[in-house]
Amino acid sequence: MRERVIEQPLGTLYSLFRSVEEQGFVQRSVVLALEQRTDEQAAAVLGCEPGDSLIYLERLRLADDEPVVLDASWLPASLARPLLEVDFTRTALYRELRARCGVRPNAGWERIRPVLPGRDQRVLLGLRTNSPVLAVERLACHDSAPVEWRNSMVRPDRFSYVARWSAMQLGAGFEPAARPG
């Protein structure tokens with residue numbers, strides 16, 4: 001019997017917590033780190049100065065107690081310091097960001113590519129040697145200001161990204177461009 005796979009639509013900002021719960025799984029996170037620290041690369045991506053304090057949240061995300069995603073999120077501490085008081089075991093980052101910091105991500109991007117995880121990530125995700133994951137990099141913004149830079153490792157045997165389209169969106173790209181006379 002094949003295990004149920006969590007489906008996530010592409011092209012929209014989403015909450016993994018909500019997606020997992022809406023599809024009938026019980027979502028829980030194991031918080032591996034929640035602290036204030038500095039990181040030059042994360043600061044640069046978030047548009048902060050190199051020495052600025054950032055909030056770092058690392059979680060192992062479970063669906064029905066099975067590991068599905070390993071997340072590492074960076075947020076500007078000037079914005080997200082109240083998140084240090086949150087127990088992220090059974091709540092969503094974006095829910096808490098809105099409730100405690102008054103910020104709701106409304107734009108951004110994601111990049112998805114296959115990678116081989118390191119030993120530590122593989123053990124946390126319960127994968128065999130040479131099992132690939134989907135690496136998902138996300139930059140979430142609020143009114144064009146970066147608020148979260150996230151790097152995730154997603155088990156492709158438990159998680160699937162789905163693109164949907166409608167007749168209203170068809171047309172462009174299906175017909176060859178007119179050639180000049």
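In this report, a residue counts as buried under 20% relative accessible area, as exposed over 50%, and as partly exposed in between (1.4 Å probe, protein chains only). By this scale Glu40 is exposed, at 61% relative accessibility.

The model is predicted: local features need pLDDT of at least 70, side-chain atom pairs count only at pLDDT 80 or more, and totals for chains, interfaces and linings use all residues. Residues are numbered from 1 along each chain as its sequence is written, and side-chain values use heavy atoms, with hydrogens and water left out.

## Overall architecture

The chain has 181 residues, of which 41% count as buried. It contains five helices and eight strands. Helices (H or I, at least four residues) and strands (E, at least two) are DSSP runs, numbered from the N terminus. Along the sequence these elements follow the order β-α-β-α-β-β-α-α-β-α-β-β-β.

Glu40, introduced above as exposed, belongs to helix α2, which covers residues 40-45. The C-alpha atoms of Glu40 and Leu54 are separated by 9.9 Å, and the two residues are 14 residues apart along the chain.

## Salt bridges

Side chains of opposite charge can pair when their charged atoms come close. Here a salt bridge is a side-chain nitrogen of Lys or Arg within 4 Å of a carboxyl oxygen of Asp or Glu. The structure holds twelve salt bridges, and the table presents three among them.

| Pair | Closest N and O atoms |
|---|---|
| Arg28 and Asp65 | 3.0 Å |
| Glu110 and Arg138 | 2.9 Å |
| Arg111 and Glu137 | 2.6 Å |

In the salt bridge of Arg28 with Asp65, Arg28 lies in strand β2 and Asp65 in the loop between β3 (54-63) and β4 (66-76), so the pair ties together parts that are 37 residues apart in sequence. Arg28 is partly exposed, with a relative accessible area of 31%, whereas Asp65 is exposed, at 51%.

Strands β5 and β6 are joined by the other two pairs of the table. The salt bridge between Glu110 and Arg138 connects strand β5 (residues 107-115) with strand β6 (residues 133-142), so parts that are 28 residues apart in sequence are tied together. Glu110 is partly exposed at 30% relative accessibility, while Arg138 is buried at 3%.

The salt bridge between Arg111 and Glu137 also links distant parts of the chain, with Arg111 in strand β5 and Glu137 in strand β6, 26 residues apart. Arg111 is partly exposed, with 44% relative accessibility, and Glu137 counts as buried, with 19%. Elsewhere, salt bridges that share partners join Arg59, Arg61, Asp71, Glu148 and Arg150 into one network.

## A buried serine in strand β2

Ser29 is located in strand β2, which spans residues 27-37. Ser29 is buried, with a relative accessible area of 2%. Its side chain takes part in polar contacts, a term for a pair of N or O atoms within 3.5 Å; within protein, one atom must be able to donate a hydrogen and the other to accept it, and residues adjacent in sequence count only if both atoms are side-chain atoms. One such contact, of 3.0 Å, joins the side chains of Ser29 and Gln27. Another, of 3.1 Å, links the side chain of Ser29 to that of Arg61, and Arg61 is also a member of the salt-bridge network described above.

## The loop between β3 and β4

Most residues other than glycine have a negative phi, and most peptide bonds are trans. Asp64 has a positive phi of about 50° although it is not a glycine. Asp64 is placed in the loop between β3 and β4 and is partly exposed, at 39% relative accessibility. Asp65 is also in the loop between β3 and β4, and its phi is likewise positive, near 65°. Asp65 is the partner of Arg28 in the salt bridge of 3.0 Å given in the table.

## A positive surface patch

Arg18, Arg95, Arg98 and Arg104 form a positive surface patch. Patches consist of residues with over 30% relative accessible area and no salt bridge; like charges are joined within 9 Å, and nonpolar side chains (Val, Leu, Ile, Met, Phe, Trp, Tyr) within 5 Å. Within this patch, Arg95 belongs to helix α4, residues 93-101. Arg95 is partly exposed, at 39% relative accessibility.

Technical notes:
Accessible areas come from the Shrake-Rupley method with a 1.4 Å probe; for residues, only the protein chains shown count as cover. Lys and Arg count as positive and Asp and Glu as negative; His and the chain ends are not counted. The place of a charge is taken as NZ of Lys, CZ of Arg, CG of Asp or CD of Glu.
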